[in-house]
Amino acid sequence: MESDEKPRLQKSAHEKPRRVPRRISADYLQRAAMHYLERYAAPAEQVRRVLQRKIVASCRHHEQDPAAFAEMRDAIVARCVSSGLIDDERFAQARAASLRRKGQSGRAVAAKLAAKGVPRDLAAQAGGDDEAAERSAVMIAARRKRIGPWRRPDRPFDRQKEVAALARAGFSAALARAVVDGEISPEKAAG
């Protein structure tokens with residue numbers, strides 16, 4: 001093999017050429033927002049991020065300034081909010097309920113909602129301080145992780161590891177200790 005050989009730069013025959021991004025227009029951004037909202041429930045900030053990614057990709061290819069389309073993007077998001085297609089509060093409540101059913105702590109719920117673009121006060125409210133919901137969620141988390149009352153009998157008991165696993169999931173140390181030590185049993189949590 002000669003050292004003068006050039007690396008293979010050609011694409012193979014079965015690879016598709018890259019699509020050229022469309023030029024940005026109000027109509028295009030409106031259709032993109034509608035298409036996204038048909039598929040996903042999302043807060044306003046998430047839709048704004050999706051549209052911004054489309055704007056940046058198009059502007060990079062067509063050599064335009066992305067900042068020129070910020071007002072158009074914000075107007076489309078505002079139109080979606082005013083028409084009721086985007087409702088941050090409804091999204092936060094639905095997503096929080098879903099995460100709680102999966103055994104997420106109130107802190108984890110608030111953090112995930114904030115990461116999605118839900119305003120922090122709304123995320124904290126949806127995460128909630130409801131003690132019953134937190135107890136129910138910690139029981140679900142313990143069952144999923146097979147710790148506490150759901151520990152497999154053939155596994156060695158390591159209290160510190162089990163408490164730490166629940167604490168890392170966002171539950172208070174006192175609640176984690178109560179589950180691992182059996183002070184909160186599945187029957188007590190349901191009742």
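**Buried cysteines, nonpolar cores and ring contacts**

Cys 80 is buried, at 1% relative accessibility. Cys 59 is buried as well, at 2% relative accessibility. The structure is a predicted model. A disulfide is a covalent bond between the sulfur atoms of two cysteines. The count of disulfides in this model comes to 0.

Nonpolar packing was examined next. In soluble globular proteins, nonpolar side chains tend to be buried together. The largest nonpolar core holds 19 residues. Within this core, Leu 29, Val 47 and Leu 51 touch the most other members. Three elements each give two or more residues to the core: helix 1 (26-39), helix 2 (44-62) and helix 3 (70-82). Contacts of Leu 29 were listed without its neighbours within four places in sequence. On that basis, Leu 29 is in contact with Ile 24, Leu 51, Ile 55, Met 72, Arg 73 and Ile 76. Another core, of 16 residues, lies apart from the largest one. Its members include Ala 141, Ala 165, Phe 171 and Ala 178.

Phe 171 also appears among the contacts of Ser 105. Ser 105 lies in the loop between helix 4 (88-101) and helix 5 (106-116). The relative accessible area of Ser 105 is 0%. Ser 105 therefore counts as buried, since the cut-off is under 20%. With neighbours within four places in sequence left aside, Ser 105 is in contact with Arg 100, Glu 134, Ala 169, Gly 170 and Phe 171. For Gly 170, the backbone oxygen lies 3.4 Å from a polar atom of the Ser 105 side chain.

Aromatic rings were then considered. A pair of aromatic rings is described by the distance of the centres and the angle of the planes. A search of the whole structure finds 1 aromatic pair. Tyr 36 and Tyr 40 form this pair, at 4.9 Å centre to centre. Their planes stand at 45 degrees. The pair counts as tilted because this angle is neither under 30 degrees nor over 60. Burial was assessed for both partners. Tyr 36 has 17% relative accessibility and counts as buried. Tyr 40 is partly exposed, with a relative accessible area of 38%. The 20% cut-off therefore falls between the two values.

A charged side chain also meets a ring. Arg 143 lies over the face of Trp 150. The distance from the ring centre is 5.9 Å.

How values were computed:
Residues are numbered from 1 along each chain as its sequence is written. This is a predicted model: local features need pLDDT of at least 70, side-chain atom pairs count only at pLDDT 80 or more; totals for chains, interfaces and linings use all residues. Side-chain values use heavy atoms; hydrogens and water are left out. Rings of Phe, Tyr and Trp (its six-membered ring) pair if their centres lie within 6.5 Å; planes under 30 degrees apart count as stacked, over 60 as edge-to-face and the rest as tilted. Buried means under 20% relative accessible area, exposed over 50%, partly exposed in between (1.4 Å probe, protein chains only). A charge sits over a ring if NZ of Lys or CZ of Arg is within 6 Å of the ring centre and within 35 degrees of the ring normal. Helices (H or I, at least four residues) and strands (E, at least two) are DSSP runs, numbered from the N terminus. A polar contact is a pair of N or O atoms within 3.5 Å; within protein, one must be able to donate a hydrogen and the other to accept it, and residues adjacent in sequence count only if both atoms are side-chain atoms. Contact means heavy atoms within 4.5 Å. A nonpolar core is a set of buried Ala, Val, Leu, Ile, Met, Phe, Trp, Tyr and Cys residues joined through side-chain atoms within 4.5 Å. A disulfide is a pair of cysteine sulfur atoms within 2.5 Å.
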